[in-house]
Amino acid sequence: MSNQHEEHEASHKPPIRKEMSRRQFLTYTLGGATAFMAAGVTLPMVRFAVDPILQKKGEGAFVKVVEVSKITNEPQEFTFELKQQDGWYLSTANLTAWIRKDESGKIYALSPICKHLGCTIGWNTNANFPDQYHCPCHGAHYTKEGKQLAVASKPLDEYKVMIKDDWVYLGEIIPNTIVK
Ligand code: FES
């Protein structure tokens with residue numbers, strides 16, 4: 001009977017609250033504030049370091065260059081701008097392409113960089129090599145498809161080409177796929 005009475009009384013006692021000491025309060029408060037400030041400083045730094053890695057690279061991007069109707073069988077030189085993102089550094093490169101369409105109407109674009117030592121080639125610039133690309137530096141010359149005929153050991157590179165809404169778009173430079 002007395003046991004039941006004690007149990008009954010105990011169940012009606014208010015729960016004992018553990019008081020937080022001043023020291024504990026200060027520790028929790030300062031700890032929380034420090035963690036908050038550390039996150040505020042660290043997270044932007046982590047984002048700064050990682051963001052360029054996560055960003056989509058410019059590879060595969062195409063640049064609108066010229067209307068399809070302007071392309072002839074004769075190679076023509078066109079210049080265009082390519083925006084490049086290297087980490088946090090954004091730059092603009094001025095590029096040149098020699099564009100023509102072949103007898104079947106297929107449009108392709110050649111890089112003007114000589115495959116010997118990197119000088120710039122021109123079309124029909126040397127009377128000794130009519131209807132060819134010629135490099136003034138050491139005399140390399142190429143057919144209109146970019147096939148090397150002397151000095152250079154490889155054909156001229158080409159740009160990836162995309163035709164959309166009657167415009168020629170150029171992409172990244174790739175090894176020549178026209179010359180067999
Ligand atoms: S760089 Fe063109 S021939 Fe040498």
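This is a short tour of the structure, stop by stop.

**Before you start.** The model is predicted: local features need pLDDT of at least 70, side-chain atom pairs count only at pLDDT 80 or more, and totals for chains, interfaces and linings use all residues. Residues are numbered from 1 along each chain as its sequence is written.

**Stop 1: the whole chain.** Colour the protein chain by secondary structure. You should find two helices and 10 strands. Helices (H or I, at least four residues) and strands (E, at least two) are DSSP runs, numbered from the N terminus. Now follow the sequence: the pattern is α-α-β-β-β-β-β-β-β-β-β-β. Of the 180 residues, 17% are buried. Buried means that 20 or more other C-beta atoms, placed from the backbone, lie within 10 Å of the residue's own.

**Stop 2: β9 and β10.** Select residues 158–164, which form strand β9. Add residues 167–174, strand β10. β9 and β10 pair in the antiparallel sense over six bridges. Strands count as paired if DSSP finds at least two bridges between them. Show I163: its bridge partner in β10 is V168. Next, go to the hairpin of these strands, with two residues between them. There, D165 takes a positive phi near 50 degrees.

**Stop 3: β1.** Keep β10 on screen and select residues 63–67, strand β1. Four bridges join β1 to β10, and the two run antiparallel. Find V66: its bridge partner in β10 is V168.

**Stop 4: an open sheet.** Which strands make up the open sheet of four? The order is β5-β6-β7-β8, with antiparallel pairing. β5 (122–123) and β8 (148–150) stand at the edges with a single partner strand each, so one side of each has no neighbour in the sheet. Now select β6 (residues 133–134) and β7 (residues 141–142), which pair over two bridges. H134 stands opposite H141 in β7.

**Stop 5: the core.** The largest nonpolar core has 19 residues. Such a core is a set of buried Ala, Val, Leu, Ile, Met, Phe, Trp, Tyr and Cys residues joined through C-beta atoms within 7 Å. Select A97, I99, A109 and L170, which touch the most other members. β3 (89–101), β4 (107–110) and β10 each supply at least two residues of this core.

**Stop 6: A109.** What does A109 touch, leaving out residues up to four places away in sequence? The list is A97, W98, I99, E158, Y159, V161 and L170. Here, contact means that C-beta atoms, placed from the backbone, lie within 7 Å.

Conventions: Buried ≥ 20, exposed ≤ 12 C-beta atoms within 10 Å, placed from the backbone. Contact = placed C-beta atoms within 7 Å.
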